[in-house]
Amino acid sequence: MQFTLGFDSLRSLCERCGLAFKANEDTEQIALLHRVLDEDAPMYLVPHAGRGLVSCVLPLPFRVPAERRAAVGEAATRLNAAGCAGCWTLDAGSGELSFRMTLAAHGVAYDDDGVLFVTRVVASAVEAAAADLQQIALGGRSSFELWPRAGLVPG
């Protein structure tokens, strides 16, 4: 079965696939229950009304302190350069660090496997880098200490 991406179709997908989720009718966002670094870290499916896009976003379960945001921003830049899909984002105001992958929703049909693949890509990107990013954000390390060569950067 193919469908276009939107709040209702994403909610139906979650129900069909037996995913643990919460749907917010007001914001039209879906939170898939997920864990990162042994903490709850919901993965959000966010339709962008009027833009024809849907983002899959997984925030890390910690905030980056203001004094570490430059170091984490540099680490995110290195991760983005090593990756081939999605991107790391750091909210300079709140310190929220997340991985995001955005899909075209306008005029494109998806099936369950295609959408679930995207959620697995997002989850695996976060799982590959979360512990290192936490060390950089909260432990005072640098990405150059953790990933001295470009080939060591989790991609």
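Which residue takes a positive phi in the hairpin of E5 and E6? Let me start there, everyone. The residue is Gly50, with a phi near 80°, and that hairpin has four residues between its strands.

Before we go around the rest of the fold, please keep in mind that this is a predicted model. The mean pLDDT of the protein is 93, and 99% of the residues reach 70 or more. Confidence is highest in strand E2, residues 29-32, at a mean of 98. It is lowest in helix H4, residues 143-146, where the mean is 89.

Now, the sheet. We have six strands in an open sheet, and the order to follow on the screen is E1-E2-E5-E6-E8-E7, with antiparallel pairing. At the edges sit E1, residues 21-24, and E7, residues 87-90, each of which pairs on one side only. From one strand to the next, the twist averages 25°.

Let's go back to the two strands of our hairpin. E5 covers residues 43-48 and E6 covers residues 53-63; they run antiparallel, and five bridges join them. Two of the E5 residues are good ones to click on. Pro47 has Val54 as its bridge partner in E6, and Leu45 is partnered in E6 by Cys56.

Leu45 is worth a second click, as it also turns up in the pairing with E2. There, Leu45 in E5 is the bridge partner of Ile30. E2 and E5 are joined by three bridges and run antiparallel as well. So if you step across from Ile30 to Leu45, and then from Leu45 to Cys56, you have a nice little walk through E2, E5 and E6.

On to the helices. H3 lies across E2, E5, E6, E7 and E8, the last of these being residues 96-104. Against E6, H3 runs at about 30°.

H3, residues 112-138, also packs with H1, residues 7-17. Their axes are 11 Å apart and the angle is about 90°, which makes H1 roughly perpendicular to H3. And who meets whom at that crossing? From H1 we have Leu10, Leu13, Arg16 and Cys17, and from H3 they meet Asp112, Val115 and Leu116. Sorted by class, this contact has five nonpolar residues, two charged ones and no polar ones.

To wrap up, the picture to take home is an open antiparallel sheet of six strands, with H3 lying across five named strands, E2, E5, E6, E7 and E8, and H1 packing at about 90° to H3. Thanks, everyone!

Terms used
Residues are numbered from 1 along each chain as its sequence is written. This is a predicted model: local features need pLDDT of at least 70, side-chain atom pairs count only at pLDDT 80 or more; totals for chains, interfaces and linings use all residues. Side-chain values use heavy atoms; hydrogens and water are left out. Axes are lines fitted to C-alpha atoms, for helices over the stretch in contact, and angles run from 0 to 180 degrees between N-to-C directions. Angles under 35 degrees count as roughly parallel, over 145 as roughly antiparallel, 65 to 115 as roughly perpendicular and the rest as oblique. Contact means heavy atoms within 4.5 Å. Ala, Val, Leu, Ile, Met, Phe, Trp, Tyr, Cys and Pro count as nonpolar, Asp, Glu, Lys and Arg as charged, and the others, Gly among them, as polar. pLDDT is the predictor's confidence in each residue, from 0 to 100. Two strands pair if DSSP finds at least two bridges between them.
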